[in-house]
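Me: I am new to this structure and would like a close look at a single part of it. Please choose one strand and describe it carefully, after a short view of the whole.

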Amino acid sequence: MASTPTRGPRTRGTRVHVVSDVHGNARDLARAGEGADALICLGDLVLFLDYADHSRGIFPDLFGEENADRLVELRTARRFEEARALGRKLWAGIGADRDAAIEQAVRRQYAEMFAVFPTPTYATYGNVDMPPLWSEYARPGTTVLDGERVEIGGRVFGFVGGGLRTPMRTPYEIDDEEYAAKIEAVGEVDVLCTHIPPEVPELVYDTVARRFERGSRALLEAIRRTRPRYSLFGHVHQPLARRMRVGATECVNVGHFAGTGRPWALEW
């Protein structure tokens with residue numbers, strides 16, 4: 001009589017945690033990789049101004065909470081010229097030291113956050129990040145990718161960082177053509193990781209800010225053409241839709257990590 005084979009314990013697969021829009025939340029970032037084989041960070045480490053708490057960030061540190069309240073009010077109302085005029089007036093008080101003051105504040109934030117990245121971490125830039133500084137803070141075990149691919153657990157992940165040009169004029173905004181070239185360089189992958197979403201209305205509309213953020217048409221076309229398993233992104237903090245399918249691809253906004261403190265998990 002043949003014996004029935006016993007079933008052993010389930011073999012553990014691969015688990016990756018994904019975060020985006022960290023905006024200074026180093027405390028939760030230090031725990032974001034717990035239980036995962038790798039951490040993926042989709043950018044926006046810098047906190048320039050917290051729209052939920054106007055006392056936090058580089059801007060209120062330099063100019064006070066009252067001016068931060070006014071700036072948020074103008075930007076939310078899409079009165080960008082007035083917002084820029086306010087900024088010019090405030091920065092004029094700092095004079096030639098403006099760039100040095102910003103860089104010093106950004107360096108403090110980067111030193112704190114890169115220090116808590118687990119090994120391995122795979123990261124790309126957000127639109128408010130300053131890419132030239134990353135190489136100074138990325139330690140062994142942290143791989144920075146932009147327009148590049150990497151294999152994790154047998155799957156190919158592509159990374160494209162930054163944002164597209166907007167009236168906000170954040171530090172790492174690039175032309176549509178340059179962004180499209182990076183998407184093209186990544187090619188066919190299993191998981192396409194970007195900071196900004198594809199240009200789909202439900203994915204780019206922020207329900208709290210009540211405006212459409214900029215998504216990428218080139219990214220949307222690449223998703224339709226190459227059919228990755230997943231398209232992962234952040235950028236829109238309170239999207240109308242956090243998750244939807246575009247053809248064969250599951251498009252996921254991994255969340256506003258600064259607010260939630262929780263990574264999004266991908267397992268296979």
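Reply: The protein chain exposes about 13,200 Å², and carbon and sulfur atoms supply 48% of that area, where accessible areas come from the Shrake-Rupley method with a 1.4 Å probe and, for residues, only the protein chains shown count as cover. The model is a predicted one, in which local features need pLDDT of at least 70 and side-chain atom pairs count only at pLDDT 80 or more, while totals for chains, interfaces and linings use all residues. Residues are numbered from 1 along each chain as its sequence is written, and side-chain values use heavy atoms, with hydrogens and water left out.

Buried residues make up 51% of the 268 residues in the protein chain; here buried means under 20% relative accessible area, exposed means over 50%, and partly exposed lies in between (1.4 Å probe, protein chains only). The radius of gyration of the protein chain is 20 Å, which agrees with the value near 18 Å for a compact globule of 268 residues, a rule that takes 2.2 Å times the number of residues to the power 0.38, with the radius taken over C-alpha atoms. Along its principal axes, the C-alpha trace spans about 90 × 35 × 30 Å.

The protein chain has 10 helices and 15 strands, which are DSSP runs numbered from the N terminus, with helices (H or I) of at least four residues and strands (E) of at least two. Among contacts between residues at least 6 apart in sequence, 57% join residues at least 24 apart, a contact being heavy atoms within 4.5 Å.

The part to look at closely is strand S12, residues 230-233. Both of its faces are covered, with Tyr230 and Leu232 on one side, Ser231 and Phe233 on the other, and all of them buried. Strand S9 (residues 191-194) is joined to S12 by 3 bridges, and these two strands run parallel; two strands pair if DSSP finds at least two bridges between them. In this pairing, Cys193 has Leu232 of S12 as its bridge partner. S12 is also joined by 4 bridges to strand S14 (residues 249-253), again in a parallel arrangement, and there the bridge partner of Tyr230 is Glu250.

Within S12, Ser231 has 0% relative accessibility and therefore counts as buried. Apart from its neighbours within four places in sequence, Ser231 is in contact with Leu192, Pro198, Ile223, Thr249, Glu250, Cys251 and Val252.

The loop that leads from S12 to strand S13 (243-246) holds His235. This residue is buried, with a relative accessible area of 15%, and its phi is near 75 degrees, a positive value in a residue other than glycine. Most residues other than glycine have a negative phi, and most peptide bonds are trans.

Arg210 likewise has a positive phi, of about 55 degrees, although it is not a glycine. Arg210 sits in the loop between strand S10 (205-206) and strand S11 (211-212), and with a relative accessible area of 58% it is exposed, whereas His235 is buried. Elsewhere, a cis peptide bond with omega of about 0 degrees joins Thr119 and Pro120, and Pro120 lies in the loop between helix H5 (98-114) and strand S3 (121-123).
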